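This report walks through the fold, the packing and the local backbone features of a single chain. Please keep the sequence and the structure in view while reading.

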Amino acid sequence: MIKSKIPPIEGSCSAKEMFALLALGDSMLPEFKDNTLLVIDPEAPVKDGSFVIGKVNDEYILRQLRIIDDKFFLSPLNDLYETIQVGGIDDIIGLVVQQGSRKRNMKKYR
């Protein structure tokens, strides 16, 4: 799970600017540990295999995007969780472009 995205406040950052979230839980282990800081780019192009923030049932989740036969799936790395089919690209909030809490352990995905 990902902490809820707060809509932009008037005079604040644009909804299209990069933002940060904390990854919570173990659904994306071993790549993303609990309480890992994520940098999300809502404007970056996504492709099959990208790590993304998706929206499912009004909740935001961190998953790996899988595109199979023009169908979109949000897949966990931890086999204890299920893969979820979503309606399409409109259910993808943004691309994970970086993770980590300190410069020495930052990992980039672009």
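## Confidence, fold and packing

In this predicted model, pLDDT stays under 50 over residues 1-7, a segment for which the model has 22 contacts beyond four places in sequence. Where pLDDT is low, the predicted coordinates should not be read in detail. For the chain, the mean pLDDT is 86, and 80% of the residues reach 70 or more. Confidence is highest in strand β5 (residues 71-75), with a mean of 98, and lowest in strand β8 (residues 107-108), with a mean of 73.

The chain contains eight strands and zero helices, so that the pattern read along the sequence is β-β-β-β-β-β-β-β. Of its 110 residues, 39% count as buried, and about 7100 Å² of surface is exposed, 50% of which is supplied by carbon and sulfur atoms. Among contacts between residues at least 6 apart in sequence, 45% join residues at least 24 apart.

Strand β1 (residues 19-23) has alternating side chains: F19, L21 and A23 point to one face and are buried, whereas A20 and L22 point to the other face and are not buried. Strand β1 runs antiparallel to strand β2 (residues 36-41), to which it is joined by five bridges, and A23 of β1 stands opposite T36 in β2.

The largest nonpolar core has 13 residues, and those with the most contacts inside it are F32, L38, I40, I53, L62 and V96. At least two residues of this core come from each of β1, β2, β3, β4 (59-68) and β7 (92-99), with β1 giving the largest share, three residues. A second core, separate from this one, has 12 residues, among them V56, V86, L95 and V97.

What does F32 touch, leaving aside residues up to four places away in sequence? The contacts of F32 are with L38, F51, L62, V96, Q99 and Y109. The count of aromatic pairs comes to one: F32 and F51 meet edge-to-face, with 5.0 Å centre to centre and 80 degrees between the planes. This pair links distant parts of the chain, since F32 lies in the loop between β1 and β2 and F51 lies in strand β3 (residues 51-56), 19 residues apart. Both F32 and F51 are buried.

In strand β4, where Y60 is found, this tyrosine counts as buried because its relative accessibility is 15%, below the cut-off of 20%. The C-alpha atoms of Y60 and D91 are separated by 9.6 Å, while the two residues are 31 apart along the chain.

Some backbone features also deserve attention. Most residues other than glycine have a negative phi, and most peptide bonds are trans. The bond that joins L29 and P30, however, is a cis peptide bond with omega of about 10 degrees, and P30 is found in the loop between β1 and β2. Positive phi values occur at D69 and at D70, neither of which is a glycine; the table sets out both residues.

| Residue | Phi | Location | Relative accessibility |
|---|---|---|---|
| D69 | near 50 degrees | loop between β4 and β5 | 69% |
| D70 | about 60 degrees | loop between β4 and β5 | 72% |

With a relative accessibility of 69%, D69 counts as exposed because the cut-off for that class is over 50%, and D70, at 72%, therefore counts as exposed too.

Terms used
Residues numbered from 1 in each chain as written. Heavy atoms only, no water. Buried < 20%, exposed > 50% of the residue type's maximum accessible area, 1.4 Å probe, protein only. Helix = DSSP H or I, 4+ residues; strand = E, 2+ residues; numbered from the N terminus. Pairing = 2+ DSSP bridges. pLDDT = per-residue confidence, 0-100. Contact = heavy atoms within 4.5 Å. Phe/Tyr/Trp six-rings, centres within 6.5 Å; stacked < 30°, edge-to-face > 60°. Core = buried A, V, L, I, M, F, W, Y, C linked by side-chain atoms within 4.5 Å. Areas by Shrake-Rupley, 256 points an atom, 1.4 Å probe, with all protein chains shown as cover.
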